[in-house]
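Q: Could you take me through the aromatic rings in this protein, and what surrounds them? I would like a close look at that one part.

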Amino acid sequence: MGKRRCVPPLEPKLAAGCCGVKKPKLSGSGTHSHGNQSTTVPSSSSGPLQNHQHVDSSSGRENVSDLTLGPGNSPITRMNPASGALSPLPRPNGTANTTKNLVVTAEMCCYCFDVLYCHLYVTQVLGPLFVTWKTGRDKRLRGCIGTFSAMNLHSGLREYTLTSALKDSRFPPLTREELPKLFCSVSLLTNFEDASDYLDWEVGVHGIRIEFINEKGVKRTATYLPEVAKEQDWDQIQTIDSLLRKGGFKAPITSEFRKTIKLTRYRSEKVTISYAEYIASRQHCFQNGTLHAPPLYNHYS
């Protein structure tokens, strides 16, 4: 078994895709390509955690996860839980109901309450995390990006909520119309261990992160969260080969090359809720004008 590390490796906070997009048929030869998400890591990494930089995992471009409000003629909306439809919030007290379109909306105050509520109730811890978006009854993947560097949960969730929803290069940005069908998952990564070889991990138990040198001599990394291999019905070899393709390796995959891989295994704590559950939770928290404790969800894994 591998040597256990109490904390993940300290390295620049690089965003990484975590999930398989589709379920290709893979053979032991591993010559099928899979996805285009990968992370280029310099041969030597250093620097304090506070010098945070998000890098698009397929292009290497620097991204800034800022939330931009729409113009006044594009009102922020909410979902009617009964019908599942999006409808504008009523005008807040103190704003005139005139023909002029105003930018300010009651939803902005709701956002402020959400921020404060999370600050008061969400545990302040440091750790690696991933945010995953899925949609529809079949829960198709719509975005999944995270970091292996330890982040404050508040800032990390805020950043990767938007990054995974809007900047996963495998998908178009999420839209308002998709909100009622969305599922959001948060994975907190734990129990990082150096594996003794590329097979020193268990499908359905461990997530894996691999480092390898590609055919051009460049160091590359790629990862799958613990649930991915099981969901795709892959064995260990199929998972490794898919991950190599995801990381951009284009040469034939041989058993000798697999032995050169450096593999880190980890576990995760994961919770998932739907948008409808989010709306119900917001209503529950502010029943009769009184702030209540958050409800417990039965979606932990």
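A: Happy to; here is a walk through the ring pairs, the charges over rings and the nonpolar cores.

A word on the basis: this is a predicted model, in which local features need pLDDT of at least 70, side-chain atom pairs count only at pLDDT 80 or more, and totals for chains, interfaces and linings use all residues. Residues are numbered from 1 along each chain as its sequence is written, and side-chain values use heavy atoms, with hydrogens and water left out.

The structure holds 10 aromatic pairs. Here, rings of Phe, Tyr and Trp (its six-membered ring) pair if their centres lie within 6.5 Å; planes under 30 degrees apart count as stacked, over 60 as edge-to-face and the rest as tilted. Phe130 and Phe148 make an edge-to-face pair, with 5.6 Å centre to centre and 75° between the planes. Phe130 belongs to strand β8 (residues 126-135) and Phe148 to strand β9 (residues 140-152), so their pairing ties together parts that are 18 residues apart in sequence. Helices (H or I, at least four residues) and strands (E, at least two) are DSSP runs, numbered from the N terminus.

Both rings can be placed by their accessibility. Buried means under 20% relative accessible area, exposed over 50%, and partly exposed in between (1.4 Å probe, protein chains only). Phe130 is buried at 0%, and Phe148 is buried at 3%.

A second pair, Tyr275 with Tyr278, is tilted, at 5.9 Å centre to centre and 40° between the planes. These two tyrosines sit 3 residues apart in helix α6 (residues 275-285), about one helical turn. Tyr275 is buried at 12%, whereas Tyr278 is partly exposed at 29%.

Back at the phenylalanines, ring pairs link Phe130, Phe148, Phe192 and Tyr266 into a cluster. Phe148 also has Arg209 over its face, 5.0 Å from the ring centre. Elsewhere, Lys139 lies over the face of Phe183, at 4.6 Å from the ring centre. A charge sits over a ring if NZ of Lys or CZ of Arg is within 6 Å of the ring centre and within 35 degrees of the ring normal.

Finally, the cores. A nonpolar core is a set of buried Ala, Val, Leu, Ile, Met, Phe, Trp, Tyr and Cys residues joined through side-chain atoms within 4.5 Å. The largest has 28 residues, and those touching the most other members include Leu189, Ile210 and Phe212. Strand β9 is among the elements giving it two or more residues. Another core, of 10 residues, lies apart from it and includes Trp133 and Met151.
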